[in-house]
Amino acid sequence: MNLLTELQKYLEYCEYRKELSHNTLKAYRIDLRQYISFIGGDFLQKPRIEEYITKLHKEFKQKTVKRKIASVKAFYRYLEEEEILKEANPFDRIRVKFKEVESLPRIIPREDIEKTGKLEFCARTNIKRYLYYRSFTPPILPPMSIKHPSPFNPQL
């Protein structure tokens with residue numbers, strides 16, 4: 001079996017049958033080509049696949065590793081479903097665990113909060129002016145909308 005030929009078929013399947021986005025297809029293409037170049041002809045050998053996963057953990061951040069492994073797993077599932085892969089799927093025997101990194105919420109600097117308050121005041125004043133002048137003129141003016149209401153002032 002030629003993996004590059006099967007890869008091309010898989011990417012066509014993803015594009016036309018699964019209707020994946022251009023960016024997803026691009027990521028799959030890059031991830032799977034990297035995998036195939038690392039694995040070579042040993043694509044069914046569990047130790048070689050585990051070496052690849054270890055290499056990913058050493059070189060990339062956790063989110064990237066997850067995406068790359070998911071791309072490869074999806075490719076193997078496709079090979080299995082299309083009955084191209086005659087042997088057992090090697091990823092069925094490989095367990096990959098990730099330690100979830102918890103990130104704390106980012107604190108908004110006080111200066112930014114104060115700036116937001118000033119912007120709210122300006123927006124509120126302009127709306128009042130608009131409503132005042134609109135009552136004296138025909139409704140020709142386009143309706144105003146505030147794109148970013150503030151959570152600090154629910155009256156806005």
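In this predicted model, the axes of helix 1 (residues 3-17) and helix 2 (residues 22-39) come within 11 Å and cross at roughly 165°. Angles over 145 degrees count as roughly antiparallel, and helix 1 and helix 2 are therefore roughly antiparallel to each other. As for handedness, the crossing of helix 1 and helix 2 is right-handed.

So who does the touching? On the helix 1 side, the contact is made by L3, L4, L7, Y10, L11, C14 and E15. Helix 2 answers with L25, Y28, R29, L32, R33 and I36. Sorted by class, the contact of helix 1 with helix 2 has 10 nonpolar residues and three charged ones, with no polar residues in the mix. The charged ones are E15 from helix 1, along with R29 and R33 from helix 2. Among the nonpolar residues are the leucines L3, L4, L7 and L11 of helix 1, and L25 and L32 of helix 2.

Stepping back to the whole chain, there are five helices and zero strands. Reading from the N terminus on, the elements simply run α-α-α-α-α. Of the contacts between residues at least 6 apart in sequence, 57% join residues at least 24 apart.

Then there is the matter of what is covered and what is not. The chain has 156 residues, and buried ones make up 25% of them. The chain exposes about 12100 Å², and carbon and sulfur atoms supply 54% of that area.

Definitions and conventions
Residues numbered from 1 in each chain as written. Predicted model: local features only at pLDDT ≥ 70, side-chain atom pairs only at ≥ 80, totals over all residues. Heavy atoms only, no water. Axes fitted to C-alpha atoms, helices over the stretch in contact; angles between N-to-C directions. Helix = DSSP H or I, 4+ residues; strand = E, 2+ residues; numbered from the N terminus. Parallel < 35°, antiparallel > 145°, perpendicular 65-115°, else oblique. Left-handed = near helix turned anticlockwise from the far one by under 90°. Contact = heavy atoms within 4.5 Å. Buried < 20%, exposed > 50% of the residue type's maximum accessible area, 1.4 Å probe, protein only. Areas by Shrake-Rupley, 256 points an atom, 1.4 Å probe, with all protein chains shown as cover.
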